[in-house]
Amino acid sequence: MAPTTVPAPLSSKKRRIAVMTSGGDSPGMNGAIRAVVRMAIESGCEAYAVLEGYDGLVRGGDLIKRMQWSDVRGWLSEGGTLIGTARCMAFYERPGRLKGAKNMVLNGIDALVICGGDGSLTGADKFRAEWPSLLEELVKNGELTKEQVAPFQHLNIVGLVGSIDNDMSGTDATIGCFSALGRICEMIDYVEATAASHSRAFVIEVMGRHCGWLALMAGVATGADFVFIPEKPRAENWREEMCVVIAKHRKIGKRKTIVIVAEGAHDQNGKKITAEELKNLLADKEAGGLALDTRITTLGHVQRGGTACAYDRYLATLQGVEAVKAVLEATPETPTPFIAITENKITRKPLVQAVLDTKEVAKAIEAHDFDKAMSLRDTEFTDFYNSYMTTTTTDLDDAKRLPVQKRMRIGIIHVGAPAGGVNAATRAAVAYCLTRGHTPIAIHNGFAGFARHHGDTPLGAVREFDWLEVDGWASKGGSEIGMNRELPEESGMELIASLFAQYKFDGLFIIGGFEGFHALAQLRRAREKYSSFCIPMTLLPATISNNVPGTEYSLGSDTCLNELVSYCDKIKQSASASRRRVFVIETQGGRSGYVATLAGLSVGAVAVYTPEEGINIQMLAADIRHLKEVFQQDSGQSRAGRLILVNEKASTVYSAKLIASMIKEEANGRFESRDSIPGHVQQGGVPSPMDRTRAVRLAIKCIEHLESYEDRSDENIIKDVNSATVIGIKGAQVVFSPMKDVEENETDWKNRRPKEEFWMDLKVVVDTLSGRPKDIPRPESPLFGWKAKDQKRGLL
């Protein structure tokens, strides 16, 4: 029932904040709603949901609902939007917006967080711009009094971009885009199996009217033969170009052909390129035709469906939290912001400019100004396009080959534990090497294989890559050339140096985790003694633990989180079905709590225990008291299951099993507790699209960095700190960090992790959104060495 009186404004800076989803649904929207509602309540504000998008705002009444903390329990794992979305023609007209303004005032709402696409956010900004005149008109018409509207003179709006197309300028990712990409890649992986079995071609049509992000990224992630996107139409001879590329792939022995076309793809004259047209071209049996048995698969709305991947869950959560902060910090003069992400950094940006830039892309495409359309996309988009072109036209363009004297013999080695994306990175590196005329050389089974099996017959551990074999590695998990944790010093530094000289390496590309980092550090330090190490070397971090210094992201960490989140969803379903049950889940991650914390953020864990913080008896006692209170209040409601995540090295005493037993004992039969250990499941099977695509982009940058060293004299290499680097994402940038600096200033060698971990502040967000009490006792920092001894002796 619609309110008839206007509630009094809240005291101080407290607000009534409404959240709304509008436009097409996208996975992750429910995570954003949950974050806005809970962060608003935690900040002392009142939270509201506007049901059915702008339609609910116009109709008001029961479609504007006060939200409580428990209303959004369990929403993280739900797909779509649980508060609904609908097209609303009425809001396009002023009378509709007038009704919306009245309904907001009647509910005392003066701030609105909107999750939707550019059209929805444009409407929101217009609503804010008209707000003073709408209130004026409502008073003039006698629908509200001056006294009623007086406290609501300023409307604050914050935008969250929910779109599977990733078509908003100013942000690297929109809520839902990586979940949709995951669905596409999963389907293409399935199709590839049948394509290879029958030696068929498949044309896959994906969404994207004005934005080719999904098509392009799917092409990068799956190693598709050809991709068509709206922003960058192929040359007028695209038919011949496609046939040449595919004929070349078939000639070297490929049994499958995958062509991906965005629904908005067209040629340079604006003529639409259809899946049917591509099928006919591939199947053409005329002289010179490819004559391939070809099928069409249109994925349609399956791309929108399902639950959100880990990335979309924590992106939506962090952006929802930031949206509430933006509302509370806003002044009447603050331009309407939207919450963006650049590389790894959550930022606020002006909404109006982003919408204008987004519309400029569509205008540029319509005007056939495709260079401008590409320039309006972010640099990451262009990087991925160039990376894709490198990997699909491998060894085809003689103009890209370097002169013979500039070509290099580049060793590629995997060091550490398996991680998703390692093979995709290797494939991209090999493709770039072949395109430029370099010789990529596989060092099988890490430094152990290098040292002890390099000369085996008939196949030694050191051999050139076979492109036909490597080309199929885009979607493969694990390591196809093998990897282990052995370091060069363990293999014998003198032996490794002699092998570097024997195989005449001009550069070294290491893909791996902390062991890879340590291996590169050892090689760098040994340069003064061994001339063969005086070559450019670089590390691409790849570990599920995401604990490599010099970067905030490692290949495999996203795949790990997806596997762990999927596992936790199933466990939580069991816990919820049993109503009052707690599961304590042990996560991997070494001495870094990254995996546990990000997974906790993505599944709504009630507590996360990490090595950085540790565990003590007081902390466990406080958390058990909190669980008792929670279960006492929920009265057996649905979605009542609870999860606690504990890193495998958070404590040497308090294991997941022991914590679960303690909770069970203290519950005194009022609720249950179980432990669960997913173990090596977390290393993942098929790598996630994020790990695959970033692997391609970063690997190519690594080889570009190596080939920039034309002068590889010992003196120059030893003097140049950038001749041994680790590539990484830091904040909003991709950077090469000199190993010497990272080793000396950024590395916690004892704990095998960076000294400063960017994600540490996220633990506060996990605790806040789970309702964990703020006064949980925290463990003391442990003492080591002489301090510990003297403390025990009573000398300190």
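Which helix does I617 lie in? Select I617 to start the tour: the residue belongs to helix 22. Keep in mind throughout that this is a predicted model.

**Stop 1: I617 and L627 in helix 22**

With I617 selected, colour the chain by accessibility. I617 is partly exposed, at a relative accessible area of 42%. Leaving out residues up to four places away in sequence, I617 touches Y654 and M662. To get a sense of scale, draw a line from the C-alpha of I617 to that of A111: the two atoms are separated by 43 Å, and the residues are 506 apart along the chain.

Now select L627, which is also found in helix 22, a helix running over residues 617-634. Is L627 buried or exposed? Its relative accessible area is 2%, so L627 counts as buried, the cut-off for that word being under 20%. Display the surroundings of L627: apart from neighbours within four places in sequence, L627 is in contact with V582, V606, R642, I644, I663 and F671. A second line can be drawn here, from the C-alpha of L627 to that of M29; the separation is 28 Å, for residues 598 apart along the chain.

**Stop 2: helix 23**

One of the contacts of L627 is I663, and I663 is among the buried residues of helix 23. Select residues 656-667 to show this helix. Helix 23 has 12 residues and spans 16 Å between its first and last C-alpha, close to the 16 Å expected at 1.5 Å a residue.

Which residues of helix 23 are buried? They are A656, I659, A660, M662, I663 and A667. These residues lie on the same side of helix 23, because they cover an arc of only 160 degrees around the axis. Turn the view to the face away from that buried side, and the exposed residues K657, K664 and E665 appear.

Next, show what the buried side packs against. The partners are helix 22, strand 17 (581-587), strand 18 (607-609), strand 19 (642-647) and strand 20 (672-676). Just past the end of helix 23, select N668, where phi is positive, at about 50 degrees.

**Stop 3: helix 27**

Select residues 762-770 for helix 27, which is mostly covered, with 8 of its 9 residues buried. The buried ones are L762, K763, V765, V766, D767, T768, L769 and S770. Helix 22 and strand 18 come back into view here, as the cover over these buried residues includes both, along with helix 1 (29-42), helix 10 and helix 21 (594-603). The residue that follows helix 27 is G771, with a positive phi near 80 degrees.

**Stop 4: the largest pocket**

Turn from the helices to the empty space. Select R87, D118, G119, S120 and R209, which lie nearest the centre of the largest pocket. The volume of this pocket is about 1,100 Å³, and 36 residues line it. Helix 4 (118-140) and helix 11 (351-366) are the elements that give two or more residues to this lining. Helix 4 gives the most, with 6 residues. By type, the lining of the largest pocket has 14 polar, 11 nonpolar and 11 charged residues.

**Stop 5: the cavities**

How many cavities of 30 Å³ or more does the structure hold? There are 5.

Begin with the largest cavity, whose volume is about 70 Å³. To find it, select N166, D172, A173, F178, W213, M217, Y311, E343, E380, M690 and R694, which line it. Helix 7 (213-222) and helix 24 (689-707) each give two or more residues to this lining. The lining of the largest cavity divides into 6 nonpolar, 4 charged and 1 polar residues.

The second largest cavity holds about 40 Å³ of space. Select R128, N156, I157, V158, A326, V327, A330, T334, P335, T336 and P337 to display its lining. Two or more of these residues come from strand 5 (156-161), and two or more from helix 10 (310-329). Strand 5 gives the most, with 3 residues. Helix 10 was met at the previous helix stop, as part of the cover of helix 27. The lining of the second largest cavity has 7 nonpolar, 3 polar and 1 charged residues.

Methods:
Residues numbered from 1 in each chain as written. Predicted model: local features only at pLDDT ≥ 70, side-chain atom pairs only at ≥ 80, totals over all residues. Heavy atoms only, no water. 1 Å grid on protein atoms, 1.4 Å probe; cavity = no way out; pocket = protein on both sides within 12 Å on 5 of 7 lines; lining within 4 Å. Points joined across faces, edges and corners; volume = space filled by probe spheres on them. Helix = DSSP H or I, 4+ residues; strand = E, 2+ residues; numbered from the N terminus. Nonpolar A, V, L, I, M, F, W, Y, C, P; charged D, E, K, R; others polar. Buried < 20%, exposed > 50% of the residue type's maximum accessible area, 1.4 Å probe, protein only. Contact = heavy atoms within 4.5 Å. Expected span 1.5 Å × (residues − 1). Arc of directions from axis to C-beta.
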